Amino acid sequence: MKYYRLFILSIVMITGASAKAQVSSTGIKMPVLGKNDTIRVASTNDMGEMIPWIPLNEVVIYGYRIFKTPADRAAFNRLRYNVMKVMPYALYAKRRYEQLEKDLAMTADKKEHKRLVKQCDKEIKDMFNREIKELTISQGQILTKLIDRELGRTTYDIVKQTKGGVTAFLYQSVARVVGHNLKSTYNREEDRDIESIIVSSGFYQ
């Protein structure tokens, strides 16, 4: 029994010495490591004590949408389909015009400016002739709103900046004939259904 007590006392003394060894020369108290503590993590100095922590991914919780009538559900599903249909075009326009602005900022040559604008305009027209011309009126209206959402400028403003006011006016006139409005703006409150669809769609993950 005497040897058993001596053994226990030795264990306590060794543990205490190990804990003291965790205090660095700067006076910062370091956490005591166990035999399975092999993962490197970040830490914060809290009044002389190093506290380990691990960042967690953001978790977004959405409420379940309850519709008053089957017609309301069908209308929302149509809106969701249309938004998902045109959102990739809005994101493409955003990337392309952001690249155009960077390219224009890197050169002061007017001829090069015209060439860059013409090239961008051709790419947009090619996409229009290939895919966008098949959009319905509703999808086209949503697309003009989403371009304003992504770029912070209406389609009319973009055309006016790159092609001039006369061209923008002509484009707007043609668009109005087929039920579009290049000056359509996006309002996150008024267009909250579109916003909720975009946020939950996974486009920005």
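Helices are DSSP runs of H or I with at least four residues, numbered from the N terminus, and Met84 is found in one of them, helix H2. The structure described here is a predicted model, and this report follows Met84 outward to the helix pair it belongs to and then to the nonpolar core.

The chain holds seven helices and two strands, and from the N terminus on these elements run in the order α-β-β-α-α-α-α-α-α. Of its 205 residues, 25% count as buried. Among contacts between residues at least 6 apart in sequence, 57% join residues at least 24 apart.

Met84 itself has a relative accessible area of 30%, and because buried means under 20% and exposed means over 50%, Met84 is classed as partly exposed. Although Met84 and Ile197 are 113 residues apart along the chain, their C-alpha atoms are separated by 8.3 Å.

Both of these residues belong to the contact between two helices, to which Met84 is contributed by H2 and Ile197 by H7. The axes of helix H2, which covers residues 70–105, and helix H7, which covers residues 192–199, come within 10 Å and cross at roughly 60°. The two helices are therefore oblique to each other, and their crossing is right-handed. The residues that make this contact are set out below by helix.

| Helix | Residues in the H2–H7 contact |
|---|---|
| H2 | Phe76, Leu79, Arg80, Val83, Met84 and Met87 |
| H7 | Asp193, Ile194, Ser196, Ile197 and Ile198 |

Sorted by class, the contact of H2 with H7 comprises eight nonpolar residues, one polar residue and two charged residues.

The largest nonpolar core has 27 residues, of which Val86, Tyr97, Leu143, Leu146 and Ile198 touch the most other members. At least two residues of this core are supplied by each of H2, helix H3 (110–130), helix H4 (137–151) and H7, and the largest share, ten residues, comes from H2.

Leu146, one of the core residues that touch the most other members, can be examined more closely. When its neighbours within four places in sequence are left aside, Leu146 is in contact with Val83, Val86, Met87, Ala90, Tyr186, Ile194 and Ile198. Among these partners, Val83 and Met87 also take part in the H2–H7 contact from the side of H2, while Ile194 and Ile198 take part in it from the side of H7. Leu146 thus touches residues from both sides of the helix pair to which Met84 contributes.

How values were computed
Residues numbered from 1 in each chain as written. Predicted model: local features only at pLDDT ≥ 70, side-chain atom pairs only at ≥ 80, totals over all residues. Heavy atoms only, no water. Axes fitted to C-alpha atoms, helices over the stretch in contact; angles between N-to-C directions. Parallel < 35°, antiparallel > 145°, perpendicular 65-115°, else oblique. Left-handed = near helix turned anticlockwise from the far one by under 90°. Contact = heavy atoms within 4.5 Å. Nonpolar A, V, L, I, M, F, W, Y, C, P; charged D, E, K, R; others polar. Core = buried A, V, L, I, M, F, W, Y, C linked by side-chain atoms within 4.5 Å. Buried < 20%, exposed > 50% of the residue type's maximum accessible area, 1.4 Å probe, protein only.
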